[in-house]
Amino acid sequence: VSTAQELMQLVKAASEYPVIQQYTTQTRHSITDLKSGREITFGNTNRLVRKVSWPISLSKTGFTKDAGNCLVMQTKINARPVIIVLLESWGKLSKYGDSNRIKKWLTKTERLVMKETRRQSALVSNIR
């Protein structure tokens with residue numbers, strides 16, 4: 001059992017290891033079973049890693065009875081580093097919809113802040 005804050009700290013710590021970043025953001029990875037010689041392929045369950053619009057540098061999906069469908073990931077939104085932690089998502093796919101809504105909200109909010117900052121700068125310039 002852990003909190004969103006603890007999972008954020010875990011993502012920060014894991015991001016210090018390039019091999020963890022590499023394997024958690026690959027869409028697919030194959031290994032060879034040394035005993036049988038058979039190739040085994042693993043697919044990344046975070047469908048956002050396949051989207052160019054999501055520069056994800058670390059990712060982990062999961063499910064437990066207590067926490068439900070979960071997603072933690074480190075990405076950039078508007079060139080700013082962001083860690084998203086989603087716990088107890090309503091359904092299997094809602095964590096991806098929620099992530100897209102978070103991205104859209106952050107992008108819109110930043111645009112509004114930048115617009116207001118430019119407006120205030122113009123007012124200050126006019127006063128001088």
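A surface patch is made of residues with over 30% relative accessible area and no salt bridge, in which like charges are joined within 9 Å and nonpolar side chains (Val, Leu, Ile, Met, Phe, Trp, Tyr) within 5 Å. A salt bridge here is a side-chain nitrogen of Lys or Arg within 4 Å of a carboxyl oxygen of Asp or Glu. In this predicted model, local features need pLDDT of at least 70 and side-chain atom pairs count only at pLDDT 80 or more, while totals for chains, interfaces and linings use all residues. Residues are numbered from 1 along each chain as its sequence is written, and side-chain values use heavy atoms, with hydrogens and water left out.

Tyr17, Val19, Ile20 and Tyr23 form a nonpolar patch on the surface, together offering about 390 Å² of accessible area (Shrake-Rupley method, 1.4 Å probe, with only the protein chains shown counting as cover for residues). Tyrosine 23 belongs to helix 2, residues 18–25, where helices (H or I, at least four residues) and strands (E, at least two) are DSSP runs numbered from the N terminus.

Strands 3, 4 and 5 form an open antiparallel sheet in the order 3-4-5, two strands being paired if DSSP finds at least two bridges between them. Strand 3 and strand 5 are the edge strands, each pairing on one side only. Strand 3 and strand 4 are joined over seven bridges, and threonine 61 has leucine 71 in strand 4 as its bridge partner.

The table lists how the helices lie, with contact meaning heavy atoms within 4.5 Å and angles running from 0 to 180 degrees between N-to-C directions of axes fitted to C-alpha atoms, for helices over the stretch in contact.

| Helix | Strands | Angle |
|---|---|---|
| Helix 1 (residues 4–14) | lies across strand 3, strand 4 and strand 5 | about 135° to strand 5 |
| Helix 2 | touches strand 3 and strand 4 | about 65° with strand 3 |
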